[in-house]
Amino acid sequence: MLKMPPVDGRVLARRAEIARALAAIVPDGVIADKDALRVYESDGLTAYRQPPMLAVLPRTTQEVSQILAWCHREGVKVVPRGSGTSLSGGALPLEDAVLLGMARFNRVLEIDYADRVAVVQPGVTNLAVTQAVEAEDFYYAPDPSSQIACSIGGNVAENSGGVHCLKYGLTTNNVLGVEMVLMDGQVVRLGGRTLDAQGLDLLGVVVGSEGLLGVVTEVTVRILRKPETARAVLIGFPSVEEAGRTVAEVIAAGIIPAGMEMMDKPAIHAAEAFVGAGYPLDVEALLIVELDGPGAECDHLIGEVEAIGRRNGSTTCRVSGSEAERLAFWAGRKAAFPAVGRISPDYYCMDGTIPRRRLPEVLQRMEALSATHGLKVANVFHAGDGNLHPLILYDANKDGELQRAEAFGADILRLCVEVGGVLTGEHGVGVEKRDLMPAMFSETDLKHQQRVKCAFDPELLLNPGKVFPVLHRCAELGRMHVHGGKTAFPELPRF
Amino acid sequence: MKPTSTEELAEAIAEAAASGRRLEIAGGGTKARIGAPREVEWVHMTAFAGVIDYDPAELVLTAGAGTPLAEIEALVASKNQMLAFEPHGAAGSTIGGAVAAGVSGSRRVSRGAARDHLLGFKAVSGRGEAFVGGAKVVKNVTGYDLPKLAAGSWGRLFAMTEVTLKVLPRPPEQVTLAAQTRDAAGAVALMAKALGSQAEVAAAGSVDGVTALRLEGFGPSVAARRALLEAMAPMRPLSQDEAEAFWSGLKQPLPDAPVLWRLSLPASRAAEVVVKRLGPSRMDWGGARLWLACEDAQKVRAAAEAAGGHAMLVRAPEAMRRTVAALHPQPEPVMALERRIRLAFDPAGVFETGRFPDAD
């Protein structure tokens with residue numbers, strides 16, 4: 001069972017006082033009613049639920065700064081939350097922590113087409129950034145499937161991806177700067193509108209830090225001109241191996257598609273039953289390959305991709321003839337999770353990345369694991385970059401199935417690491433994969449990461465219990481083994 | 001010293017930490033004259049050489065940090081691939097050095113910098129401990145993104161022994177179109193228009209009234225996008241030699257200037273720095289990178305700040321480097337934060353050689 005940091009009884013006893021102090025900062029923004037707090041009890045990882053002690057919804061950077069400074073002074077833990085769509089429990093509340101909701105930071109502040117940047121508040125949804133600039137034919141490239149709901153602030157915290165990140169990068173490659181409040185209330189600006197960092201690339205380590213280093217209050221993102229055309233090809237194969245070989249050959253031919261997705265048979269059938277995208281049902285694996293750019297480029301590359309598919313034994317191939325058809329191809333893929341939700345009472349989504357060449361072996365072993373754990377699995381897969389999303393089907397109302405699903409998931413992720421991959425490609429560690437971190441990192445590796453946390457939040461008050469399996473006190477981590485009893489550099493200031 | 005194994009390196013660093021010595025990590029040592037003059041003991045990383053794993057279809061390459069950059073460039077080119085951020089350097093430059101110095105070329109504006117292509121590394125920190133950051137796959141969000149801290153760290157946090165980089169297919173066709181532009185503002189405006197168009201410009205630079213736009217990709221695509229650019233302004237294609245000379249001139253600009261700065265600016269503000277006429281300049285990245293030759297440090301830094309950017313001193317005589325910090329001073333809280341990060345990796349200050357003092 002998941003162990004969270006011990007609850008601080010002294011803080012709980014001060015609940016009413018803390019609510020008053022927060023209300024003095026944000027008069028209309030404190031939620032203390034227990035029923036109202038249930039709204040926040042979980043995020044996209046619904047297996048874990050815990051209402052927060054209190055919630056506060058600030059509107060300004062100054063309010064965030066005052067809230068954090070007060071909590072810092074009083075030793076109160078804080079859990080930041082964007083839209084609460086995390087699939088790894090990154091925004092899971094703690095019983096003795098204040099939940100800091102950023103939903104009121106919902107304005108697009110500035111759009112600069114000459115420099116191709118947009119400055120937005122963190123509560124703006126991912127899709128709203130694109131909507132704010134699409135009249136001028138621009139867009140924001142990272143497009144996680146939850147883009148209608150997920151916030152940019154959450155995207156920064158999780159370094160979110162999406163189906164287009166093989167060509168256009170993750171959030172980290174598309175964010176130029178942030179304004180951020182540290183746990184002690186200090187406001188810092190990292191990056192900005194320039195391309196190079198001024199000193200160390202602190203912005204780079206803040207993106208993807210899962211809300212453990214600071215609370216982002218403003219984000220500057222790169223916007224791109226929309227490609228002239230985008231077309232998708234749907235290619236069916238009699239086996240996953242042939243689909244996998246096609247992916248490798250497309251890349252070997254020098255083609256980086258805008259998106260390249262694979263689905264296995266269970267996922268194809270679930271998606272087709274749900275949205276009727278026109279997917280072939282008599283294939284074992286389906287590729288969706290999207291090409292974008294000038295019309296001439298799309299035409300040329302579609303021909304190449306079709307030919308590579310044929311050489312590798314494709315049995316069906318359809319090219320989108322209209323924008324509506326292209327979107328229909330994607331509708332099935334983007335709805336794959338809810339589609340699987342229709343055929344199974346519950347599902348558990350995994351997110352490992354593997355070297356693509358190991359795909360056939362990984363799928364075979366996953367099938368064996370499926371038999372061992374007695375649970376079915378459907379696979380959708382960002383094929384271009386090796387990011388797997390196995391969906392484990394289970395029924396939480398059946399005794400022990402959730403535990404079996406979690407054990408199966410952990411086995412899959414360990415398998416990903418074993419073949420040279422990673423625990424999470426885009427969903428984050430959160431609480432979900434926290435205890436699996438030692439499968440990928442040694443104690444020494446993790447301590448080097450945790451000391452970064454200590455540099456930002458030495459009292460470990462911000463989003464504790466996430467990412468790191470063991471919370472070492474910063475003083476303990478700071479110790480240096482000194483050889484020969486000598487203290488090095490006695491003249492150096494220590495911070 | 002020239003350690004030949006991670007163990008030897010770790011021992012040397014731990015020993016230096018204990019005895020109060022300072023070490024400077026060197027790849028090819030080609031950038032030693034960036035930063036303040038200092039008396040240090042060098043750790044040459046050239047024994048950590050050789051490509052460890054390269055599977056072109058995975059788009060990933062792992063090599064020893066001391067591997068010559070030229071060797072890696074030749075290898076990926078033989079598989080029709082490239083390091084898309086265009087690392088470059090003098091003869092003897094290593095891949096680890098290029099990454100640690102955050103070297104990116106003209107294509108940075110479209111394809112990202114060293115930071116965007118470093119997927120993982122192995123290193124020894126100032127604690128004398130070997131550890132890893134990141135991983136060896138193209139998509140990963142497990143734990144903190146330490147590779148971002150590594151790129152551009154100038155060896156101030158840890159000594160990298162191995163790097164894993166993302167590689168990309170080399171575009172089969174390349175063409176550079178050039179337009180005459182009247183002044184800096186005209187150059188910036190044309191580059192902004194081109195970079196914001198559907199022409200997917202790979203690189204955009206301006207030198208002495210010649211503004212060049214580079215297109216890369218498959219033949220039919222380059223032809224279609226070329227037509228888009230030619231509709232914007234009168235342009236002529238550069239010959240292969242001319243194009244090569246233009247873009248390599250932006251890698252090692254203004255070779256005769258004794259003092260050279262590299263400014264990082266919002267592209268639209270570049271012209272306002274150029275019109276101050278502080279010295280000869282070269283624009284890259286649509287104006288977001290400005291090379292400027294000027295001996296007056298205060299004026300350069302003030303101009304960069306006024307335009308919302310910052311300036312790094314990349315070439316200067318020793319006397320000037322003694323008094324002018326290479327890195328642009330940062331505002332407090334950020335400087336304090338950076339200092340705490342450095343201490344986290346290097347508590348004894350083994351890598352604090354005085355090369356990059358915190359403030360002027």
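Which residue is the bridge partner of A:Met262 in strand 14 of chain A? In this predicted model, that partner is A:Leu287. Let's start from there and look around.

A:Met262 brings us to strand 13 of chain A, residues 259-264, which pairs with strand 14 of chain A in the antiparallel sense over six bridges. Strand 14 of chain A has another antiparallel pairing, with strand 12 of chain A (residues 229-237), and here there are nine bridges. A:Leu287 turns up again in this pairing, since A:Ile235 stands opposite A:Leu287.

Now for how covered strand 14 of chain A is. The strand spans residues 285-293, and nine of its nine residues are buried, so the rest of the structure largely encloses it. Side chains in a regular strand alternate between the two faces of the sheet. Here, A:Ala285, A:Leu287, A:Val289, A:Leu291 and A:Gly293 point one way, while A:Leu286, A:Ile288, A:Glu290 and A:Asp292 point the other way. Both sets are buried, and that includes A:Glu290 and A:Asp292.

Next, hop over to strand 4 of chain A, residues 97-101. It is mostly covered, with five of its five residues buried. A:Ala97, A:Leu99 and A:Gly101 point one way and A:Val98 and A:Leu100 the other, all of them buried.

The pairings of strand 4 of chain A with strands 2 and 3 are parallel. Strand 3 of chain A (residues 77-81) is joined to strand 4 by five bridges, and A:Val78 stands opposite A:Val98. Strand 2 of chain A (residues 54-56) is joined to strand 4 by three bridges, with A:Val56 and A:Leu100 as bridge partners.

Notes: Residues numbered from 1 in each chain as written. Chains lettered and ligands numbered in written order. Predicted model: local features only at pLDDT ≥ 70, side-chain atom pairs only at ≥ 80, totals over all residues. Buried ≥ 20, exposed ≤ 12 C-beta atoms within 10 Å, placed from the backbone. Helix = DSSP H or I, 4+ residues; strand = E, 2+ residues; numbered from the N terminus. Pairing = 2+ DSSP bridges.
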